[in-house]
Amino acid sequence: MEARPFHQFVVKAHSRCNLACDYCYVYELADRGWRDRPRSMSPAVVRHTAERVARHVRTHALTEVEVVLHGGEPLLIGPAALESLVRVFRAAVPARVRFSVQTNGTLLDRPMLELLRALGVRVGVSVDGSPESHDRHRVRPDGTGSWDAVRTALHLLADEFRPVYGGLLCVVDVRDDPVRTYESLREFTPPVVDFLLPHGNWSAPPPGRVPGAPEAPYGEWLVELFEHWYVAPETRVRLFEELLNVVLGGRSGLEGVGLTPSAQIVVETDGSLSVSDILASSSPRAARTGLHVLRDDFDRAAVLPAVLAERAGLAGLSATCRKCPVVAVCGGGLRAHRFDGSGFDRPSVYCPDLFRLTTHMRERVAADLAALA
Ligand code: SF4
């Protein structure tokens, strides 16, 4: 397998969070590494990370890279550290650096949004559809919901700060009505919506999924939403767009859709490198690289077996997936969802759901194309 450069650097600006969401893959699943790491990334680690990214850009003649500020809750680093981080990267890296931040929205007040706009940092907000659904999951440590704070921030983003409005990220809860969830999100006029399956695997199954059972609750939920969206796609839904790209013979830019390899590496607050946050939620050992920005170039990470496994495409899938009629579209789902307690040589724990959704979309598009012919 050929080592490819990284294009997306997930920078863990802050390792703690001011919310206690019940499905959080950082705090509620297997990875406990955050307890031993500093709360925020130090200026020295920021500088070394930027220098390593700069060297990676020069080595591979990259013209553009993406830096995703992540956490915990990344905005907990505060405005001064945030501004310094962005300026250090922009000064060091000889390529266009696209910045984005994935936030829970609770710290997005007007001064913070003004700073993010001035720095050109796009803002993605995690929000779970209707107020009831949001406050069921996305709670403060005292158990109270965060909806009111997030709604205020989203109105500001949707109006005055639209140029830096990146989109919304919603974790699917099959107890909620899919159309109501989508329409609730649309009230904030997002440029794009991402729907994410709750993280889990064969040994720690996601809610409502019995590993190996033929039922497809997530598949049915997504099919119902797809049908609503497909006849009037007024808001971009990245999952459906990327699946349609692959159904129509193109490529997906979204990890976990099709056979597109991951282009991402994670820098933790202490400067250590991880393969993927989501992978750490299943198997912290599988995500660890043993590398550190103080000592190691990103090229050393690019040839590690754990990184190559994330980028192996069809060859990295189980025999069941390789024989599957929808493998080119499904891609076996996210690798973290294939973990069975000892390895990844399985289909996704969401296999029946992914099969239901992908076959439905393929048949729907084929019928439309046949009608046009
Ligand atoms: S539908 Fe199931 S078997 Fe087919 S590629 Fe996806 S995870 Fe693998």
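Of the 373 residues of the protein chain, 48% count as buried. The model is predicted. The protein chain holds 15 helices and 10 strands. Its radius of gyration is 20 Å, close to the 21 Å that the globule rule gives for 373 residues, so the chain is as compact as a globular protein of that length. Along the principal axes, the C-alpha atoms fill a box of roughly 55 × 45 × 45 Å. Contacts were also sorted by sequence separation. Among contacts in the protein chain with a separation of 6 or more, 73% join residues 24 or more positions apart.

Strand β3 serves as the starting point for the strand pairing. β3 spans residues 96-103 and is mostly covered. Of its 8 residues, 6 are buried, that is, each has 20 or more other C-beta atoms within 10 Å of its own. One partner of β3 is strand β2, residues 64-70. The two strands pair in the parallel sense, over 6 bridges. Within this pairing, Leu 69 stands opposite Val 101 in β3. The connection from β2 to β3 passes through helix α2, residues 79-92. This β-α-β crossover is right-handed.

β3 also pairs with strand β4, residues 121-126. Here 5 bridges join the strands, which again run parallel. Phe 99 of β3 stands opposite Val 121 in β4. Helix α3, residues 110-119, lies between these strands in the chain, and β3, α3 and β4 make a right-handed β-α-β unit. β3 thus takes part in a parallel pairing with β2 and in another with β4. In a regular strand, side chains alternate between the two faces of the sheet.

The ligand site was examined next. The ligand is surrounded by 13 residues. The closest are Cys 321, Cys 324, Cys 330, Pro 347 and Cys 351. Three helices each supply at least two residues of this shell: α13 (319-322), α14 (327-330) and α15 (351-372). The largest share, 3 residues, comes from α15. By residue class, the shell divides into 9 nonpolar and 4 polar residues. No charged residue is found in the shell around the ligand. Cysteine counts as nonpolar in this division, and four of the five closest residues named above are cysteines: Cys 321, Cys 324, Cys 330 and Cys 351.

Methods. Residues are numbered from 1 along each chain as its sequence is written. This is a predicted model: local features need pLDDT of at least 70, side-chain atom pairs count only at pLDDT 80 or more; totals for chains, interfaces and linings use all residues. A residue is near a molecule or strand if its C-beta atom, placed from the backbone, lies within 6 Å of it. Helices (H or I, at least four residues) and strands (E, at least two) are DSSP runs, numbered from the N terminus. The radius of gyration is taken over C-alpha atoms; the globule rule is 2.2 Å times the number of residues to the power 0.38. A residue is buried if 20 or more other C-beta atoms lie within 10 Å of its own, exposed if 12 or fewer, and partly exposed in between; C-beta atoms are placed from the backbone. Two residues are in contact if their C-beta atoms, placed from the backbone, lie within 7 Å. Two strands pair if DSSP finds at least two bridges between them. A crossover is right-handed if, with the strands pointing away from the viewer, the path from the first strand over the helix to the second runs clockwise.
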